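Good morning, and thank you for joining this group meeting. I would like to walk you through the strands of one structure and how they are arranged.

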Amino acid sequence: MTEQNTDETCWLQITSGRGPAECQLAVTRLADAIIADAKRRDIAAQIVDAVDGDATDALLSALVKLTGKGAAALAVGYSGTMQWICQSPYRPSHKRKNWYVSVEVLDEPADGALSAIKPADVTFETMRAGGAGGQHVNKTESAVRATHRPSGLVVVAREERSQHMNKRLAMARLAGLLRDAAAGKKAASAQDRWAAHDRIERGDPVRVFEGPQFRERV
């Protein structure tokens, strides 16, 4: 067995946003595909946290941990919007065949961020995540605003329908901003970087998968 460089570790947050069950199923399939890809590259991979979706085989979101030589490069290769082209397995007569999920690279998960940030220094505020209106409006306060009082940095995480997972995202983002600030980068620019993650971008996927077998288009 090839010896792994266990110093190289990163995390991928896969989310269906506010997408339907088909997008949630794509989260499950994509997590499995990433883990299989990592195994072929001798990179350890596992789902370390997940939020169940509307169907038994679907996930609202999944946090995948990658460890080993090449983990960072693998993670970057999956960062962005993923498209799954497939007839709905739940609604066969549905005309829509394109489903999208978003993948975000986290340098450090919430637990790791807590080791670098004193919990007492962070104030959390919950708020409604918003939505497209009508039945899709999120009526629970799942969105989170996290303020790191010593630095004044503020981040918002609203992609997930789970407040728990939004807190994980917020803590990871705070950790990233603090690292950027320590490296001499402008915190404002770093915060702007996260603004694009408020919604899943459609029409410009990084990778495209097709069919019930979730095979990647080459």
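Let me begin with an open sheet of seven strands, whose order is E2-E3-E1-E5-E4-E9-E10 and whose pairing is mixed. Its edges are formed by strand E2, residues 44-52, and strand E10, residues 215-216, each of which pairs on one side only. Please keep in mind that what we are viewing is a predicted model.

As a general reminder, the strands of a sheet pair through backbone hydrogen bonds, in either a parallel or an antiparallel manner.

Within the seven-stranded sheet, strand E4, residues 80-85, runs antiparallel to strand E5, residues 98-106, and six bridges join the two. One position to look at is threonine 81, which stands opposite serine 102 in E5.

A helix accompanies this sheet. Helix H1, residues 21-40, packs on the sheet and touches strand E1 (9-15), E2, strand E3 (59-67), E4, E5 and strand E9 (207-210). The direction of H1 makes about 10° with that of E3.

I now turn to another sheet. Here three strands form an open sheet in the order E6-E7-E8, with antiparallel pairing. Which strands lie at the edges of this sheet? They are strand E6, residues 122-127, and strand E8, residues 153-157, each pairing on one side only. On average, neighbouring strands of this sheet are turned by 20° against each other, direction ignored.

Finally, consider strand E7, residues 143-148, which pairs with E8 in the antiparallel sense over five bridges. Histidine 148 has leucine 153, in E8, as its bridge partner.

Definitions and conventions:
Residues numbered from 1 in each chain as written. Predicted model: local features only at pLDDT ≥ 70, side-chain atom pairs only at ≥ 80, totals over all residues. Heavy atoms only, no water. Pairing = 2+ DSSP bridges. Helix = DSSP H or I, 4+ residues; strand = E, 2+ residues; numbered from the N terminus. Contact = heavy atoms within 4.5 Å. Axes fitted to C-alpha atoms, helices over the stretch in contact; angles between N-to-C directions.
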